[in-house]
Amino acid sequence: WQRFEGEGPGLRRHIKLAYDTARRRTVLFGGLDDSGNRNYGDTWEWDGARWHRVATEGPEPRGSYALVYDSARAR
């Protein structure tokens, strides 16, 4: 592990990650704030060097969900 100093999703818990093998990116969706009171509904991608916020709209924030990459459909 290495501490990352830069823009990113910030402290969260109960996040979901999936690895997009076609684009070689790790995708993060949602999670809870550090106090556990607020669900996030944003999407971030890690390209191996830095985080990129890719969506602020999409599925509504939620607490129980799964995230998976579908290699057959490349999404």
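**Sheet, pocket and selected residues in a predicted model**

Ala49 is located in the loop that links strand S3 (39-46) to S4. The model described here is predicted. With a relative accessibility of 56%, Ala49 is classed as exposed, because the cut-off for that class is over 50%. Ala49 and Phe4 are 45 residues apart along the chain, and their C-alpha atoms are separated by 9.3 Å.

The strands make up an open sheet of four, in the order S1-S2-S3-S4, and the pairing is antiparallel. Strand S1 (16-20) and strand S4 (51-55) occupy the edges; each has a single partner strand, so one side of each lacks a neighbour in the sheet. From one strand to the next, the twist averages 30 degrees. In general, the strands of a sheet pair through backbone hydrogen bonds, in either a parallel or an antiparallel arrangement.

The pairing of S1 with strand S2 (residues 25-32) is antiparallel and comprises five bridges. Among the bridge partners, Lys16 is matched with Phe29 of S2, and Asp20 is matched with Arg25 of S2. The two strands, S1 and S2, form a hairpin with four residues between them. Within the turn of this hairpin, Arg24 has a positive phi of about 55 degrees.

Ile15 belongs to the segment before S1. Its relative accessible area is 31%, and Ile15 is therefore partly exposed, a class that lies between the limits of 20% and 50%. When residues up to four places away in sequence are not counted, Ile15 touches Leu28, Phe29, Gly30, Gly31 and Tyr65. Of these contacts, Phe29 is also the bridge partner of Lys16. The C-alpha atoms of Ile15 and Tyr40 are 9.1 Å apart in space, with 25 residues of separation in sequence.

The largest pocket has a volume of about 490 Å³. It is lined by 18 residues, of which Trp1, Gln2, Phe4, Pro9 and Trp51 are the closest to the pocket centre. By class, the lining consists of nine nonpolar, five polar and four charged residues. Two of the residues closest to the centre also enter the description above: Phe4 is the residue whose C-alpha atom is 9.3 Å from that of Ala49, and Trp51 falls within the range of edge strand S4 (51-55).

Conventions
Residues numbered from 1 in each chain as written. Predicted model: local features only at pLDDT ≥ 70, side-chain atom pairs only at ≥ 80, totals over all residues. Heavy atoms only, no water. Pairing = 2+ DSSP bridges. Axes fitted to C-alpha atoms, helices over the stretch in contact; angles between N-to-C directions. 1 Å grid on protein atoms, 1.4 Å probe; cavity = no way out; pocket = protein on both sides within 12 Å on 5 of 7 lines; lining within 4 Å. Points joined across faces, edges and corners; volume = space filled by probe spheres on them. Nonpolar A, V, L, I, M, F, W, Y, C, P; charged D, E, K, R; others polar. Buried < 20%, exposed > 50% of the residue type's maximum accessible area, 1.4 Å probe, protein only. Contact = heavy atoms within 4.5 Å.
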